[in-house]
Amino acid sequence: MTLAEQRQTALLARSLHLDPTGQPELYCVAARRAAQQLPERVHHALHSFGRWGSDTGTLLIEGIPLGRIPATPEDNKQHVGEATLLARVQAMFGESLGHLIAYEAEGSGRLFQDMVPARAAARTQTSLSSLTELELHTEQAFSALKPDYISLACLRGDPDARTYTLTAKQVSAHISGADLAVLRERLWMTGVDESFRVGGQQFDDGDVRGPMPIISGAAGDPYIVFDQDLMAGRTPEADAAFERVLRIYRTHRNHHVLKPGDILLVDNNRAVHGRSPFHPRFDGGDRFVVRSFVTNDLAKSRYARLDNGRAVGSRYS
């Protein structure tokens, strides 16, 4: 962002005085109204990304005003990030791109979640991990109501924490025609992340989903669904093609190291993502990223959103 764009964006962000947790719908309406006045260059970049995607499956906007940066909390239960100026900018970007959406199983249904390293979760496959690689996945690959975009707003970075992406186009370009044909068949089942079972809730669509393809849609603009941890093929050919996708990922993946003032938007339909390990100090100065989710179509989740708010109930995951 230029200095003029930073000033304009900060002024708009400071106009958002509502509580995103106490008044989520009014907050989103205000964010959408403010987003109409974003700098033209930013508005154009968001529109273009929403319409066409990108070569890396991401849109990076840098140099965003931060405001006061709080200490990195020890876990994601204190909900510190949602009060920051950067989160308000993130809300405007999200409402310009689509509609902010929340999930009961993610941050207790809040619009924003703190992604910080937690000691107890250091080696898990969750957003709180640090000492192990976060495996390649589509966000909520198991869900018919998965977000269309993931927004990662960086308050504090770590030079070793690389956010990886791989697009469906990259997979299609680097895999054999025979394997690509297999990837387009409904040959995979996926489980549901157990963290989505809030309060022991049973899932309306069951514990296992599928069969589903990994690659779908137009050849020139394909979509991808993948989960390295939760997916399993139904045939030896499916398992072999799955492993070849992972080899392509390790060889051709894109990466970005988030730094303060970055907002990275990930296209959850056209790309899959992961993250490298890093080594936190747990001293209040560790990596601190605020996450939010965006949907292109808020109406499709109406049946699942609690009290017609913005949060999808866990039973519908």
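In this predicted model, a useful place to start is I263, which, once its neighbours within four places in sequence are left aside, is in contact with L59, L60, I61, I64, L86, V89, Q90, F93, S151, L152 and A153. I263 also belongs to the largest nonpolar core, a set of 42 residues in which L46, M92, F93 and I263 are those with the most contacts inside the core. The element that gives the most to this core is helix 4, spanning residues 85-97, with eight residues. Apart from this core there is a second, separate one of 26 residues, with L136, A141, L183 and F226 among its members.

Helix 4 deserves a closer look. From its first C-alpha to its last, this helix of 13 residues reaches 19 Å, which is close to the 18 Å expected at 1.5 Å a residue. An α-helix has 3.6 residues a turn, so residues three or four places apart point the same way. In helix 4, however, burial takes in most of the element, with 11 of the 13 residues buried. The buried residues are L85, L86, A87, V89, Q90, A91, M92, F93, G94, E95 and L97, and among them L86, V89, Q90 and F93 are also contacts of I263.

From the packed residues we can turn to the space left between atoms. Rolling a probe the size of a water molecule over the atoms shows where empty space is left. The largest pocket holds about 940 Å³ of space, and its lining is made up of 44 residues, with E106, T126, S127, S195 and R291 lying nearest its centre. By class, this lining is divided into 15 nonpolar, 15 polar and 14 charged residues. Several strands take part in the lining, since at least two residues each are supplied by strand 3 (113-115), strand 4 (134-137), strand 5 (149-156) and strand 14 (271-275). Of the contributions to this lining, the largest share is that of strand 4, with four residues.

The model also has an enclosed space, with the count coming to one cavity of 30 Å³ or more. About 40 Å³ lies in the largest cavity, and the residues that line this cavity are M115, V116, P117, S127, S129, R275, F278 and R287. Sorted by class, the cavity lining has four nonpolar, two polar and two charged residues. S127 appears in this lining and is also one of the residues nearest the centre of the largest pocket.

Terms used
Residues are numbered from 1 along each chain as its sequence is written. This is a predicted model: local features need pLDDT of at least 70, side-chain atom pairs count only at pLDDT 80 or more; totals for chains, interfaces and linings use all residues. Side-chain values use heavy atoms; hydrogens and water are left out. On a 1 Å grid over the protein atoms alone, a cavity is a set of points where a 1.4 Å probe fits but cannot get out, and a pocket is an open set with protein on both sides within 12 Å along at least five of seven lines; lining residues have an atom within 4 Å of a point. Grid points are joined across faces, edges and corners, and a volume is the space filled by probe spheres set on the points. Ala, Val, Leu, Ile, Met, Phe, Trp, Tyr, Cys and Pro count as nonpolar, Asp, Glu, Lys and Arg as charged, and the others, Gly among them, as polar. A nonpolar core is a set of buried Ala, Val, Leu, Ile, Met, Phe, Trp, Tyr and Cys residues joined through side-chain atoms within 4.5 Å. Buried means under 20% relative accessible area, exposed over 50%, partly exposed in between (1.4 Å probe, protein chains only). Contact means heavy atoms within 4.5 Å. The expected span of a helix is 1.5 Å times one less than its number of residues.
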